[in-house]
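Reader: I am a first-year student, and I would like a close look at one part of the surface of this model. Please take me through that part slowly, and then show me what surrounds it in the rest of the chain.

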Amino acid sequence: MMIEAKLAELGIELPEAAAPVASYQPLVVSGNTAYVSGQLPFVEGNLVTGKLGDGVSLEKGQEAARACGMMILAQLKAAGLLERVERVVKLGGFVASAPSFSDQPKVVNGCSDLMAEVFGDAGKHARSAVGVPVLPLDAAVEVDAIVALKA
């Protein structure tokens, strides 16, 4: 199934791809691999900010991680690569966390589950999910991706 059709079937409307907030490219292709820079969580046009375990709930964190995944897909679409995705190889999840918060893997599942929803088995990937004291713009979550492309 074409990915655009799958998104429509799932009722998913991708946001506009976000412009970089510093000196980097949002996506770089080398060979048949796309490297998607860390994407921040925008829900209804607003950046989800704060720390998990200190004012941001697990559910809000999962929603933020899903929003990061939506932005990863938006970056792929903007680059004309969405239909060329062969496999989501790896996600890197960063969760702004209070020192006692230890459910980073559950937070990043918000993004991982989206990739499996959209790409099926090809969306199942390797992953890291780490807690950090602060993220750019006080974002609650940031996720980057490595994606294999069809030739």
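Author: Before any residue is judged, a word has to be fixed: a residue is called exposed when its relative accessible area is over 50%, buried when that value is under 20%, and partly exposed in between. Please also keep in mind that the model is predicted.

With that cut-off in hand, we can turn to Leu 137, whose relative accessible area is 54%, and because exposed means over 50%, Leu 137 counts as exposed. This leucine belongs to a nonpolar surface patch of about 280 Å², which it makes together with Val 21 and Tyr 24. As for its place along the chain, Leu 137 is found in the loop between strand E8, which covers residues 126–132, and strand E9.

Strand E9 leads us from the loop into a set of paired strands. E9 covers residues 141–149 and pairs with E2 in the antiparallel sense, over five bridges; to follow one of these contacts by eye, start at Thr 33 and look for its bridge partner in E9, Ala 148. E2, which covers residues 33–39, also pairs in the antiparallel sense with strand E1, residues 27–30, this time over four bridges, and here Val 29 has Ala 34 in E2 as its bridge partner. E1 and E2 form a hairpin with two residues between them, and in that turn Gly 31 has a positive phi of about 65 degrees.

Charged residues give a useful contrast to the nonpolar patch, and the structure holds six salt bridges. One of them joins Glu 63 to Lys 60, with the closest N and O atoms 3.6 Å apart; both residues lie in helix H2, residues 58–78, where they are three residues apart, about one turn of the helix. Glu 63 has a relative accessible area of 36%, so it is partly exposed, and Lys 60, at 34%, is partly exposed as well. Another salt bridge links Asp 103 with Lys 106, the closest N and O atoms being 3.9 Å apart; Asp 103 is partly exposed at 26%, and Lys 106 is partly exposed at 42%. In a further salt bridge, Asp 121 meets Lys 124 with the closest N and O atoms 3.1 Å apart. Asp 121 has a relative accessible area of 56%, which means that it is exposed, whereas Lys 124, at 47%, is partly exposed.

Finally, step back to the whole chain, whose secondary structure comes to three helices and nine strands. Read from the N terminus on, the elements follow the order α-β-β-β-β-β-β-α-β-α-β-β. The radius of gyration is 14 Å, close to the 15 Å that the globule rule gives for 151 residues, so the chain is as compact as a globular protein of that length. Its C-alpha trace spans about 45 × 35 × 30 Å along the principal axes, and buried residues make up 43% of the 151 residues. The UniProt record, an unreviewed entry, carries the annotation "domain: Endoribonuclease L-PSP/chorismate mutase-like" for residues 4–141. Over residues 4–141 the chain is 32% helix and 28% strand, and the end C-alpha atoms are 26 Å apart.

Notes: Residues numbered from 1 in each chain as written. Predicted model: local features only at pLDDT ≥ 70, side-chain atom pairs only at ≥ 80, totals over all residues. Heavy atoms only, no water. Pairing = 2+ DSSP bridges. Patch = residues over 30% accessible without salt bridge, like charges linked within 9 Å, V, L, I, M, F, W, Y side chains within 5 Å. Areas by Shrake-Rupley, 256 points an atom, 1.4 Å probe, with all protein chains shown as cover. Salt bridge = Lys/Arg side-chain N within 4 Å of Asp/Glu carboxyl O. Buried < 20%, exposed > 50% of the residue type's maximum accessible area, 1.4 Å probe, protein only. UniProt positions renumbered as here; feature names shortened; annotations may be inferred. Rg over C-alpha atoms; globule rule 2.2 N^0.38 Å.
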